[in-house]
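Hi,

Here is the structure I promised to pass on. Have a look at it first, and my notes follow underneath.

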Amino acid sequence: MGEIFLKMEKVTKIFPGVKALDEINLEVETGEIHVLLGENGAGKSTLIKILTGLYQPDGGSIYIKGDAVKSNSPQQALAAGIVPIYQELNLIQELDVTENIFMGREIKKIERFGILDREKMENRTKEILTELNQNISPTALIQDLGVGKQQMVEIGKALSVDVNLLILDEPTSALGKDEVKELFRTMRHLKEKGVTIIFISHKLDEVKEIGDRVTVLRDGKYISTKNIADVSEDDLVREMVGRDIKNQFPKVKIEKGAEALRVKNLSRAGVVNNVSLRAYRGKVLGIAGLVGSGRTELVRTIIGADRKDSGEIYIHGQKVEINHPKDALKYGMVLLTEDRKNQGLFLDQTVEFNCTSANLNKYKQNVLLDLTRQKEDTVGLIRSLQIKTPSTQTKVKQLSGGNQQKVVIGKWLNTEADIFIFDEPTRGIDVGAKVEVYNVINELTNRGVAVIMVSSELPEILGISDHILVISEGKVTAEFEAEEATQEKIMSAATINGGINNAV
Amino acid sequence: MQSKEAVGINISGGTTNWRKLLFDKLGSLLGLIVLMIILTFASPYFLTVNNLTNVLQQASINALVASGMLLAILTAGIDLSVGSVLALSISVSGIVIINFGLNPVLGILACLFVGGTAGMTNGLLLTKLRLPHPFIATLGMMNVARGLALIITGASPVSGFPDWIQFIGSGYIGPIPFSFILVIVAVIIFHYFLNRTTLGRHIYAVGGNIEAARLSGIDTDRVLTWVYTISGFMAAMGGIVLMGKVNAAYPLAGLSYELDAIAAVIIGGASFLGGVGTIWGTLIGAMIIAVIRNGLNLLGVSPDLQTVVIGAVIIGAVYIDVLRRQKK
């Protein structure tokens with residue numbers, strides 16, 4: 001057993017009405033890749049925020065290399081070489097790589113006057129990027145880099161401050177397959193250099209591939225710490241959710257109903273190229289494709305969030321004109337966006353406000369809104385979706401990620417729309433909550449709703465869809481019935497050059 | 001106090017959380033009460049019926065203008081043009097009533113119409129021309145409206161209004177100024193408008209997260225256009241009270257009123273980031289400003305120094321609010 005770098009003992013954190021952490025233990029050895037695993041709301045993020053000094057614990061103790069940490073602030077954590085990289089990257093898009101890496105710690109020519117030594121910083125940046133085996137120009141603007149490269153810049157930033165403990169919070173959720181490989185290669189390299197890594201992920205195959213040991217949290221409590229080599233994926237699932245998940249994809253087959261949506265030759269310059277598709281009542285149409293293939297752009301164009309250049313849309317056989325999401329809503333078609341926080345929720349508002357926000361007219365009584373009925377409907381949604389919230393008047397920002405996702409679903413269920421488009425409905429949520437989302441989809445199809453589901457997770461596409469469409473570079477490159485599709489067939493269609501660049 | 005709120009599943013309780021309403025307001029309301037207690041001891045004239053009714057009257061115009069400003073700030077915007085729009089509205093009204101001999105009732109309606117139209121223009125500039133921030137559209141309108149007011153009046157005041165218009169600005173019902181009764185009516189209407197109507201709730205949605213609002217099928221352009229229309233309308237309302245009070249319409253009326261209105265909204269606890277704020281807070285904000293001005297007058301502080309004090313109060317009030325939020 002190696003030297004213990006970090007030890008957290010009986011760490012407790014209480015928020016109003018919730019015990020977020022209940023006597024958590026965590027022991028991380030120097031130079032290991034330690035996985036932190038748990039469902040949403042299990043307390044992973046809170047634990048990390050205590051470790052990085054953003055929150056103060058209400059009880060327990062923290063030791064770094066055996067020394068008790070009495071007070072902790074982000075500055076002190078950084079001084080101890082503890083560097084977090086969050087899911088949402090903290091880079092300034094308008095500045096270049098060098099400026100971002102040295103943000104706040106610029107090297108100066110003349111200290112007093114704040115004159116920057118640009119050359120020295122660029123050289124150091126080059127060194128760091130070379131070490132990471134990254135071919136990125138120090139003068140490239142962040143906004144011109146892909147997500148994978150941006151993450152490498154974040155890691156470079158961590159290296160520039162003599163990192164001892166690197167915390168990666170779901171780093172792979174926005175990455176493509178090759179980028180994940182690249183990230184893992186870098187993580188192994190850092191590990192060889194003696195950097196300790198805490199890795200948070202929901203993807204069990206990744207956890208098995210990269211981790212040395214794993215600590216599982218559940219409902220704010222410590223469950224276990226194990227060598228990853230000694231446990232199976234099934235074991236991990238059981239520890240996380242506290243029960244067996246027999247069926248990860250509880251698909252219910254419903255009889256095919258009438259055509260609900262038909263898209264004909266839809267195009268939007270540069271992103272969507274002549275796409276046609278049909279969705280039927282009671283059925284799930286899966287849309288597969290790599291990140292950046294134009295899937296999100298396609299569904300945004302369908303509901304009128306982005307303007308189309310050409311193409312026709314028919315709803316229940318009738319040609320309709322959709323130029324704004326409100327038109328789509330009028331015809332009963334809604335989109336649950338991938339980016340919940342920025343595009344789906346009113347974080348400062350209550351659960352009730354959010355659940356009723358898409359359909360306030362339903363509550364209009366003469367001039368005023370009927371508060372009692374609003375409340376009744378919200379309570380109904382809280383019960384049927386099992387949203388964990390203290391009350392209907394709780395602000396959404398106080399809920400966990402999985403529960404926030406349920407609030408978004410609740411908002412749309414409350415509209416009684418009959419065409420539901422989900423964009424990455426289970427991104428960033430854990431196994432247990434995923435099954436709940438699938439059950440909602442089943443319930444919708446059972447009610448005769450037509451569902452379209454965009455996803456980059458192939459098992460999900462295969463497990464939940466009835467019919468599958470593959471998109472590459474904005475174009476439909478293949479179509480399968482679920483029974484005839486395989487991961488290999490989808491992948492090969494997803495990597496076909498759709499020819500959008502050659503078009504025009 | 002927070003934990004008490006959150007513990008236990010309260011999904012069957014009453015429909016309005018009065019306790020929470022009071023708590024959110026407590027900060028600025030408490031400030032107002034403390035201020036009044038201090039002034040009561042500092043000056044023997046402060047706590048007299050005469051003086052207090054005077055304060056209410058002073059607060060009235062700002063409270064009306066600030067109600068419209070609140071809407072703009074709730075949508076994470078701002079309306080810099082309210083002072084100028086007020087001047088233009090009453091100038092038009094004064095000219096049609098006094099110079100053209102139009103029926104004064106129609107003249108007052110013209111005032112409101114001009115205010116609403118100027119405000120709607122702000123909204124359309126913002127949403128149709130896609131100007132990057134309401135600061136731009138309303139800064140432009142601020143100059144245009146002021147200039148128009150000067151042009152149409154030939155830069156001189158118009159006066160001699162009928163008694164009932166003067167009554168709006170300076171009359172009393174019992175000890176209460178009529179203008180303040182107008183304010184109370186407006187505040188109650190705003191309270192229901194913001195909390196109990198579709199448009200009101202959409203205003204909070206647009207301010208809280210405009211992209212989520214759009215994707216929720218809310219016509220955000222329509223909401224914003226309404227917000228600035230109402231803001232212009234409320235500026236004209238404030239103008240009517242001013243016109244009645246001084247029995248004149250003059251093109252330089254309402255200078256820097258936008259700043260007092262913004263101050264009232266912010267002191268009243270609204271967030272510049274949008275989505276947070278109430279009409280009651282704004283009313284209290286307007287009262288605080290009026291009480292401070294009145295108190296400093298009673299204590300013989302020069303108007304120049306008063307401006308300094310008001311500035312410090314704005315910064316102090318927002319800082320206290322920041323501290324309060326951090327505690328949460």
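When I say contact below, I mean heavy atoms within 4.5 Å. Keep in mind throughout that this is a predicted model.

**Chain A, overall**

The domain assignment splits chain A into domain 1 (4–241) and domain 2 (245–332 + 457–504). Taken over C-alpha atoms, the centres of domain 1 of chain A and domain 2 of chain A are 36 Å apart.

**Around A:Thr196**

I began with A:Thr196, which sits in strand 10 (residues 196–200) of chain A. Its relative accessible area is 0%, so A:Thr196 is buried. What does A:Thr196 touch, leaving aside its neighbours within four places in sequence? The list runs to A:Phe5, then A:Val28, A:Glu29, A:Thr30, A:Gly31 and A:Glu32, and finally A:Asn164, A:Leu165 and A:Leu166. With A:Gly31 there is something more specific: a polar atom of the A:Thr196 side chain lies 3.0 Å from the backbone nitrogen of A:Gly31.

A:Leu190 belongs to helix 6 (residues 177–192) of chain A. With a relative accessible area of 1%, A:Leu190 falls under the 20% limit and is therefore buried. Setting aside residues within four places in sequence, A:Leu190 is in contact with A:Ile155, A:Leu159, A:Leu166, A:Val195 and A:Ile197. Take A:Leu159 from that set: A:Leu190 and A:Leu159 are 31 residues apart in sequence, while their C-alpha atoms are 9.2 Å apart in space. A:Leu166 turns up in the contacts of A:Leu190 and also in those of A:Thr196.

**Other spots in chain A**

Helix 9 (residues 295–302) of chain A is mostly covered, with 6 of its 8 residues buried. Those buried residues are A:Arg295, A:Leu298, A:Val299, A:Arg300, A:Thr301 and A:Ile302. After helix 9 of chain A comes A:Gly304, which has a positive phi, near 85°.

Two residues that are not glycines have a positive phi as well. A:Lys65 is one of them, at about 50°, and A:Glu473 has a phi of about 45°. Where do they sit? A:Lys65 is in the loop between strand 4 (59–64) and strand 5 (67–68) of chain A, and A:Glu473 is in the loop between strand 23 (467–472) and strand 24 (475–481) of chain A. As for cover, A:Lys65 is partly exposed at a relative accessible area of 47%, and A:Glu473 is partly exposed at 31%.

A:Ala79 lies in helix 2 (residues 74–79) of chain A. Is A:Ala79 buried or exposed? A:Ala79 is exposed, with a relative accessible area of 70%. A:Asp309 is 230 residues from A:Ala79 along the chain, and 53 Å separate their C-alpha atoms.

**Chain B: what packs on helix 11**

Helix 11 (residues 220–246) of chain B has two packing partners that I looked at.

Helix 8 (residues 178–196) of chain B is one partner: the two axes come within 11 Å and cross at roughly 165°. That angle is over 145 degrees, so helix 8 of chain B and helix 11 of chain B are roughly antiparallel. Their crossing is right-handed. On the helix 8 side the residues involved are B:Ser179, B:Leu182, B:Ala186, B:Phe190 and B:Phe193, and they meet B:Ile230, B:Met234, B:Met237 and B:Val241 of helix 11. In general, an α-helix has 3.6 residues a turn, so residues three or four places apart point the same way.

Helix 4 (residues 82–99) of chain B packs against helix 11 of chain B at an angle of about 60°, with the axes 8 Å apart. That makes helix 4 of chain B oblique to helix 11 of chain B. This crossing is right-handed too. Helix 4 of chain B contributes B:Val82, B:Val85, B:Leu86, B:Ser89, B:Ile90 and B:Ser93. Among the helix 11 residues they meet are B:Gly232, B:Ala235, B:Ala236, B:Gly238 and B:Gly239.

**Where B:His202 meets chain A**

Last one: B:His202, in helix 9 (residues 198–208) of chain B. B:His202 is buried, with a relative accessible area of 12%. Not counting residues up to four places away in sequence, B:His202 touches B:Ile218 and B:Val223 in chain B, along with A:Ser357 and A:Leu360 in chain A.

Cheers

Notes: Residues numbered from 1 in each chain as written. Chains lettered and ligands numbered in written order. Predicted model: local features only at pLDDT ≥ 70, side-chain atom pairs only at ≥ 80, totals over all residues. Heavy atoms only, no water. Helix = DSSP H or I, 4+ residues; strand = E, 2+ residues; numbered from the N terminus. Buried < 20%, exposed > 50% of the residue type's maximum accessible area, 1.4 Å probe, protein only. Polar contact = N/O pair within 3.5 Å; in protein donor to acceptor, adjacent residues only side chain to side chain. Domains from an automatic or database assignment. Axes fitted to C-alpha atoms, helices over the stretch in contact; angles between N-to-C directions. Parallel < 35°, antiparallel > 145°, perpendicular 65-115°, else oblique. Left-handed = near helix turned anticlockwise from the far one by under 90°.
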